[in-house]
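Hi there,

Here is the structure I promised to pass on. My notes on its internal cavities follow below it.

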Amino acid sequence: MASSSILPATVLDYSEQIHSKESNYISKLSEIGGIVTTSREAFVRRVDPTASDDIDALQNPEFKLPSWRSLFIIIGGNAVFQLSFFIIVSSASAYAEHLGGSATFSGLTIGIPTVFSGFTLIFVTKYDGGQYAGPLNLAYGSMVLGNILYALAYKANFLYLILIGRIVSGFGFISFMYSKRYCSDPRIVGIRRRTTLAGLLVVGQAFGFSAGPFFGGLLYKVGFGNQVFNGVTSPGWIMAVIWLMFWGLSNLMFQDVPRQQRPQSIELSPVDGTTEHSQPPQSFKAALREITPPQWGVIVCMCYYSMTCFLILGSWEANIPVFTAEALNYSPYNAGNFIALGGLVSFPFLLLNVWYARRIQDRVILAIGTSLGMLGLLIMLAILQTSKVTFGSLFVCWFLIALGFNLASTCTLSLLSKQLPDTWNRKVSMAIQYSNYTGRVTGAILGGAGVKMGMTNYIAVQLSVVGLGGVMYLTLWKQLKAKTG
């Protein structure tokens, strides 16, 4: 009886063991099948690089970009703004002299827009809500009105209308900051695309300071003997028409980002009934605490390099007409073509930089650009010491300086935007733009005084400025590391 009672239990246990083993085998086989399927899919993905790139662009936020239509408006508009800034360089002196002004007054008309642009940014950025359409429309309207006033000064025979027109145009040059901010805005541009877009902005910058003096000089040489449309007023009329058309195109194509919300004012609102005026200082102090001492060093270094690039470029643009008139007997038209030729030759290299920026670190691009510019300054110093100033020798110096410092200027804001919190994009955009303005103004003054102070001293000042930047760069080499692209 005992054995008969034990046997069924044993058989049941044995059958249960067999069943459990079979289920284990089946589950293991299904796991192996899943692994094989996953491996096969992974292998297929690897051999299809296009699909991988598409997945990265769609799924990885580091590669995101705004719509191409909006990018065209921002990058194309930046090129047209640069053209507007430089197109009067060739004929501004003749225009001012015709109305009773001096060469110093013409220099003032070239440099004054940046001053008023800097003041305007203080108010516009306070109310823009993180958007771009409103400031851009203000910029377009200012450019239309400013260029018309500039052109009307000849018919009105009123010297200061030139200055007024350029001041009004200065309100439009706030777009320089908004273009930079758009191309580093973390809401629409991934961290690995910011240097690439900054490179495109610099290509537009090179187009402006090349095409501007060339077309301005060409219009001046053609003349158009007319009281309204002639060699000195035609740049104003033509740019006004271009801006009217671009304004309409922008309103059709540009897609703005959503207005920024400020949840901090709700989360941090006090419960004791105090007013909201205490909130901005608290949030600003909290933002300051986010930045480490090495990051402050990088901020200072990038602002310094931004100022340096535009100081040297601006000083050479202002100095070339004066120096070549004395050393090579150039007319303003010839000097404008000389400036344009340097930018034209550097143009293909700046386009190559847009492609290779995806693979090279920002700090390396900065080093290459600064080294090329420094080489141009050293060659110029040697030429002055040996008194062998020719078209060829001077052009080599200008080409190296135009290429080098334009190249270096591509990565100042993009590097900062990669290292700092996203909430700091507006602040660093303003800091970089004011550094640009400082460089433009001081560069114009330095370039105008170059011949008077002695060209050797003029180059020595620039070498010292670049040398100080080099010391900062080497000190902060490790801290300047950022993602490529």
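A cavity here is a set of points, on a 1 Å grid over the protein atoms alone, where a 1.4 Å probe fits but cannot get out, and its lining residues have an atom within 4 Å of a point. Grid points are joined across faces, edges and corners, and a volume is the space filled by probe spheres set on the points.

This is a predicted model, in which local features need pLDDT of at least 70, side-chain atom pairs count only at pLDDT 80 or more, and totals for chains, interfaces and linings use all residues. Residues are numbered from 1 along each chain, and side-chain values use heavy atoms, without hydrogens and water.

The protein has 20 helices and 0 strands (DSSP runs numbered from the N terminus: H or I of at least four residues, E of at least two).

I found 5 cavities of 30 Å³ or more. The largest encloses about 220 Å³. Its lining counts 20 residues, with Lys180, Ala198, Leu201, Val202 and Ser409 nearest the centre. Elements giving two or more residues to this lining include helix 3 (68–86), helix 8 (175–182) and helix 13 (293–327), but helix 9 gives the most, 5 residues.

The second largest cavity has a volume of about 60 Å³. Among the residues lining this second cavity are Gln82, Phe209, Glu317 and Arg440. Helix 13 supplies the largest share of that lining, 4 residues, while helix 3 and helix 9 each supply at least two.

Happy browsing!

How values were computed:
On a 1 Å grid over the protein atoms alone, a cavity is a set of points where a 1.4 Å probe fits but cannot get out, and a pocket is an open set with protein on both sides within 12 Å along at least five of seven lines; lining residues have an atom within 4 Å of a point.
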